[in-house]
Amino acid sequence: MGGQMYNVFGKQVASQYLAMGVLASLFGGVAVATSGGSAAKPTTPGATPPINASSSDEADFIKKFLEQEGSAEKKH
């Protein structure tokens with residue numbers, strides 16, 4: 001079976017081998033991408049990041065704001 005030959009890195013390669021290589025890399029890449037990753041670590045509800053306030057007034061304001069937003073979120 002004849003066919004088109006291509007010069008790849010100085011070697012003659014038949015077109016059907018190039019097509020099979022492209023399809024194998026395509027489906028292999030899709031399989032790797034959709035295989036899933038490690039399980040996500042569950043987050044604890046209500047966990048907040050540490051407050052890095054420069055003063056106690058700022059820290060109190062942030063705490064009050066977070067409490068208000070939490071109560072407003074529960075109403076919806």
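Me: Helices (H or I, at least four residues) and strands (E, at least two) are DSSP runs, numbered from the N terminus; how many of each does the protein chain have?

Reply: The protein chain has two helices and two strands, and along the sequence these elements follow the pattern β-β-α-α. The model is predicted, with local features needing pLDDT of at least 70 and side-chain atom pairs counting only at pLDDT 80 or more, while totals for chains, interfaces and linings use all residues. Residues are numbered from 1 along each chain as its sequence is written, and side-chain values use heavy atoms, without hydrogens and water.

Me: How do you know where in the protein chain confidence is lowest and where it is highest?

Reply: By pLDDT, the predictor's confidence in each residue from 0 to 100, the lowest mean is 84 in helix α2 (residues 56-75), and the highest is 95 in helix α1 (residues 15-33). The protein chain averages 85, and 83% of the residues score at least 70.

Me: What makes β1 and β2 a pair of strands?

Reply: Pairing requires that DSSP find at least two bridges between two strands; four bridges join strand β1 (residues 5-8) to strand β2 (residues 11-14), so the pair qualifies, and the two run antiparallel. Val-8 stands opposite Lys-11 in β2, and the strands form a hairpin with two residues between them, where Phe-9 in the turn has a positive phi of about 50°.

Me: Why is Thr-34 called exposed?

Reply: Thr-34, which lies in the loop between α1 and α2, has a relative accessibility of 62%, and since exposed means over 50% relative accessible area, buried under 20% and partly exposed in between (1.4 Å probe, protein chains only), Thr-34 counts as exposed. A polar atom of its side chain lies 2.8 Å from the backbone oxygen of Val-30.

Me: Why is Leu-23 called partly exposed?

Reply: Leu-23, in helix α1, has a relative accessible area of 45%, which falls between the two cut-offs, and is therefore partly exposed. Together with Leu-26, Phe-27 and Val-30, Leu-23 makes a nonpolar surface patch of about 390 Å².

Me: What share of the residues of the protein chain counts as buried, and what area does the protein chain expose?

Reply: Of its 76 residues, 3% count as buried, and the protein chain exposes about 7,100 Å², of which carbon and sulfur atoms supply 61%.

Key: Accessible areas come from the Shrake-Rupley method with a 1.4 Å probe; for residues, only the protein chains shown count as cover. A polar contact is a pair of N or O atoms within 3.5 Å; within protein, one must be able to donate a hydrogen and the other to accept it, and residues adjacent in sequence count only if both atoms are side-chain atoms. Patches are made of residues with over 30% relative accessible area and no salt bridge: like charges are joined within 9 Å, nonpolar side chains (Val, Leu, Ile, Met, Phe, Trp, Tyr) within 5 Å. A salt bridge is a side-chain nitrogen of Lys or Arg within 4 Å of a carboxyl oxygen of Asp or Glu.
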